[in-house]
Amino acid sequence: MAEIKVIQKRDNSTEITISGELTIYCAMEAFQQHFQQLKVKEKTLFKLGNISEIDTAGVQLLVMLMKIVSEQSSSYRVVSLGEALTDYSNLFQLNRYFVDFADISALTSGSEEDKS
Amino acid sequence: MSLDAVLQTFYIEAQEHLESMENMLLKMDEGECDDEMLNDIFRSAHTIKGSAGIFGLDHIVNFTHVVENVLDRARDNEIDIDKNLIDVIFKCRDHMQSLVAVSLDEYNAQTDLQKTDSDLLAALAPWTSTENKQTVAQNNTPAESQLDNKLTNEGDNENLWHISLRLSTDCLRNGMDPLSFIKFLSSLGEIKHIETIIDNFPQVDNFDAESLYFAYEIALQSDASLEEIENTFMFVQDDSDITILPPTAKIDDYLLLIDKLPEENQRLGDILVNCGSLTRHSLEQALIAQSTVITATGEQTVTPKLGELLTEQNKVSESIVSAALTKQKQNKSQVSEGKQIRIDSNRLDHLINLIGELVINQQRIELLSKGVKKPQLTEAVDDFENFTNQIRDAALSLRMVAIGGTFQRFKRLVRDTAQELGKEVELTIDGADTELDRLMVEKLGDPLTHIVRNAMDHGLESIEDRQAAGKNTKGQLKLAAYHEGGHIVIAISDDGNGINKERIREKAIEKGIINTDSKLSDNELFHLIFHPGFSTAAEVTNLSGRGVGMDVVKRNVEALQGSIDISSQAGKGSEFKIRLPLTLAIIDGFHVEAKGTHFIIPQATIIECINLANHQDIKGRHCINLRGEMIPYLNMSEIFKLTPSREQTLADNIIQHSPKRELVIVQFGSDVAGIAVDTLNGEIQTVVKPLGPIFKALKGIGGSSLLGNGEIAFILDVPQLIELAIANEIASKVSRAESMNGQ
Amino acid sequence: MSKTILIVDDSASIRQVVSITLKGAGYEVIEAVDGKDGLSKLDGKKIHLIVSDVNMPNMGGIDMVKAIKQMPAYKFTPIIMLTTEASDDMKQQGKAIGAKAWMVKPFKPEQMLQAVTMLT
């Protein structure tokens, strides 16, 4: 099961750390407990390096999370990915969004440019 | 799971494929040939090869591989399909059938099979290629592939497939994670590009973490076949929208896809371009064309729908589009029509038996309820009868099979026989949809084969003779089936020489069947053909004329409660008509009694019933004059030597001494006769129970039945009885003549 | 790390064929002889896919699947149902409770391997 830590820093940035297995088995709970009501102020950092296993539900959760965050704050960054997420990203060619720290809005416009 | 069981499945499947190949080849032989047929025949060979491989049946794999290659070249238009090739493929198919029937070990031990192998492979040589071709199956979505278009997709489409996935939101819940099968897909080739579409993501409050929102557009570079790629998604097909466009897809196919998908067109266009499945240029051209259309009158219409666009630009497309749509619907309905299951025939027979018992039971209840005057009960019993009849009819219909299948098999026989005889024969089939009892279909195979061979061998003349007679060199042979009265009629007719009456007469005299001065009607003459040991062929050919054919035919037909009639005209042709009851299992009958024994007369044979008291026997013979027609009759009690029970005798004595007797007049084919009985008990529907082997020799009885009151009733075999009546009449004629002469 | 498959079938030969085929491809295989036995094997360890027959004594496939769908740790596990006939009724029942993947017996070992690979 996933371990999710949301830390609000003194400089109004938020640090979200996800570790363990982020799969459909805990997706519902994770969403309801941590993300549905999430409020962020300014920058958000995603620390995903310790995700040991991820499936499509888990990735959807991350996408949803990033949407929530980008609607509220100015920017976000993915600090670390970990092997499981990297593999998934490679297969589905989502590297632009996870690896290159691109903005989630790039996913919706279908543009080929990267924003950072 | 034993290996045997799986082998059985392989065998059955291979047989079906081989049959399909034969049908295709027959059509091609007659001149029909289209891409779809070539595809089908290729696929059949391909499947057989594949399955055989699983079981290590190398002899099948090796041979079929070459055949498959040739068929592949044929469907790719690399080689022409001419009569020679079709002939060779025919032989190859037959050989494949022999190969499928033996194991690898058996094959290795049979040198003649191996010889045929090499002979045929040599015969195929002119058409085989030495390249190792990889198969890329055709696009099998008709509507898309048949559309005309001017714009070709300029994208790099070397083995580039486009796959559009809009999967059911429940996929993740059901354990079908795209992660697994996209990973699998990538093992089939290289995923050049995959776009993950998140347009369907809901607002935060509506987000269900267990539902699937992602959609995908994928460009896959792969040598795999359409089937292999399709199979990747076989488990997620339900409730999903999956489109696979092969490398050969045209721009119109992409336009259709864009139109079909829910997202906005421009966006979809962008996605497809991103995938590399479409070039920016082709897309722009198509979209520009989409936005303005100049009609024939020179007006400009803005942004018509995509479908209209295609039809406007290419009038031809319209008919192709609708044809393609009809075909698609046809394919769909064929798929649902073809929904069949295999049933063990024993189970079906068991079911029908039980229903038979049910019918008898229902009749018993009906009888008993008649004694109880309760309107509600009567009504309920009536309903019961109604439903029982429906169940009975439904069950019987399960036994019904269209005769088309049997007829179809004759195409091959006719073709091969014509070749052997050096004659030209055209076979027409009428009434292939006519249904009859499954048992009958099985038993008719041999009789029909005999008659057909006979017609081709003796009936139809050689090409020269036909020309001389001013006939078309192609002999006409017709197999027809239709319903008439309560019967099925199967007619085999030819436009040949007709039956040579003189020859028959000579032969019959030679064999001592008739006397030199016997006077016989044409009909009686023709029927001599059915006499055992009879044959008019000057030589016993391989095909027919061995003298064992026709009488067996007659017996087989009669075993099915049927009759066979012949008509013929010299120089014009002949017709054999086989009449059969609709079903052997349940009979609509007329219940009669003679001296206390119950009989059932099949209703379909009954013309009328009259009371004998009003008619006089003619000159002491069992014959009456009915409106000018002489009708011989049989006395039930005499024929079967019935002795009444004690009760019956008492009852008789009580009534009167001149029993009012009833005469049931029946007909079969063109013969008419009467059956004299004591009482008529009315219509009855009942289950036929076949007679045990001891009674088989008993002429005149075709089966038995259990009546509602528990009594057994004998079902009369009318044709046999009529024959009996006529024979008796002839015999008594002869004996009277003799007694007059020999005085 | 290798993935684990649970095969539930009352026929020993089927279990054998599946086991050998999948093990040969690097999977770990756990066998169960009927629905009840199958449920008992779901004791907390990670199972990546379940292959189950429909007609079995003690507890059939459909009932077992119903129970699995109630287990938080296994309710999202992909399931392949095995059937001997294209029996629509069973299929509809199964699909209604979430068993979407069906294979008809007899199947070729390659088919089984392919199906398992597709879903894990």
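**Exercise 1. The fold of chain C**

Determine how many helices and strands chain C of this predicted model contains, and in what order they follow one another.

*Solution.* Begin with the count: the secondary structure of chain C comprises five helices and five strands. Next, follow the chain from its N terminus, where the elements appear in the order β-α-β-α-β-α-β-α-β-α. Then turn to the packing, for which 38% of the 120 residues in chain C are buried, while residues 24 or more positions apart supply 62% of the contacts with a separation of 6 or more. Finally, consider the confidence of the prediction: chain C has an average pLDDT of 90, and 98% of its residues score at least 70. Among the elements of this chain, strand β1 (residues 4-8) of chain C has the highest mean pLDDT (96), and helix α4 (residues 88-96) of chain C has the lowest (83).

**Exercise 2. Two annotated positions**

State where D53(C) and H46(B) lie in the secondary structure, and decide for each whether it is buried or exposed.

*Solution.* Take D53(C) first, for which an unreviewed UniProt entry lists "modified residue: 4-aspartylphosphate". This residue belongs to strand β3 (residues 49-53) of chain C. Because 24 other C-beta atoms lie within 10 Å, and 20 or more are needed for the class, D53(C) is buried. Apart from neighbours within four places in sequence, the residues in contact with D53(C) are V8(C), D9(C), D10(C), G61(C) and L82(C).

Now apply the steps to H46(B), where UniProt, again in an unreviewed entry, places the feature "modified residue: Phosphohistidine". H46(B) is found in helix α2 (residues 35-54) of chain B, and it counts as buried because it has 21 C-beta neighbours inside 10 Å.

**Exercise 3. An exposed lysine**

Classify K370(B) as buried or exposed, and give the separation of its C-alpha atom from that of V381(B).

*Solution.* K370(B) is part of helix α15 (residues 345-371) of chain B. With 12 other C-beta atoms within 10 Å, and with the exposed class covering 12 or fewer, K370(B) is exposed. V381(B) stands 11 residues apart from K370(B) along the chain, and their C-alpha atoms are separated by 9.6 Å.

**Exercise 4. Strand pairing in chain B**

Work out the strand order of the four-stranded open sheet in chain B and identify its edge strands; then explain why β11(B) can be described as largely enclosed.

*Solution.* The four strands of the open sheet stand in the order β2-β3-β1-β4 (chain B), and their pairing is antiparallel. The edges are β2 (190-197) and β4 (241-245) of chain B, each of which pairs on one side only, and the twist from one strand to the next averages 10 degrees. Within this sheet, strand β1 (residues 160-166) of chain B runs antiparallel to β4(B) and is joined to it by five bridges, with I242(B) in β4(B) as the bridge partner of L165(B).

For the second part, look at strand β11 (residues 487-494) of chain B, which is largely enclosed by the rest of the structure because six of its eight residues are buried. Strand β10 (residues 474-484) of chain B pairs with β11(B) in the antiparallel sense over eight bridges, and A481(B) has I490(B) as its bridge partner in β11(B). Strand β13 (residues 573-581) of chain B also pairs with β11(B) in the antiparallel sense over eight bridges, and here A491(B) has K577(B) as its bridge partner in β13(B).

**Exercise 5. The contact between chains A and B**

Establish how many residues each chain brings to the contact, and which element supplies the largest share of the chain A side.

*Solution.* The contact involves 23 residues from chain A and 24 residues from chain B. On the chain A side, α1 (24-35), α2 (56-72), α3 (83-91) and α5 (105-109) of chain A each provide at least two residues, and α2(A) supplies the largest share, eight residues. Sorted by class, the side of chain A that touches chain B has 14 nonpolar, six polar and three charged residues.

**Exercise 6. Where to read with caution**

Locate stretches of chain B in which the pLDDT is below 50.

*Solution.* Chain B averages a pLDDT of 76, and 78% of its residues score at least 70. The pLDDT stays under 50 over residues 131-156 of chain B, a stretch with 62 contacts beyond four places in sequence in the model. Residues 292-338 of chain B are likewise below 50, and have 41 contacts beyond near neighbours in sequence. Where pLDDT is low, predicted coordinates should not be read in detail. For the complex, the predictor gives an ipTM of 0.91 and a pTM of 0.43.

Terms used: Residues are numbered from 1 along each chain as its sequence is written. Chains are lettered from A and ligands numbered from 1 in the order in which they are written. This is a predicted model: local features need pLDDT of at least 70, side-chain atom pairs count only at pLDDT 80 or more; totals for chains, interfaces and linings use all residues. pLDDT is the predictor's confidence in each residue, from 0 to 100. Two residues are in contact if their C-beta atoms, placed from the backbone, lie within 7 Å. Ala, Val, Leu, Ile, Met, Phe, Trp, Tyr, Cys and Pro count as nonpolar, Asp, Glu, Lys and Arg as charged, and the others, Gly among them, as polar. UniProt positions are given in the numbering used here, feature names are shortened, and annotations may be inferred rather than shown by experiment. Two strands pair if DSSP finds at least two bridges between them. Axes are lines fitted to C-alpha atoms, for helices over the stretch in contact, and angles run from 0 to 180 degrees between N-to-C directions.
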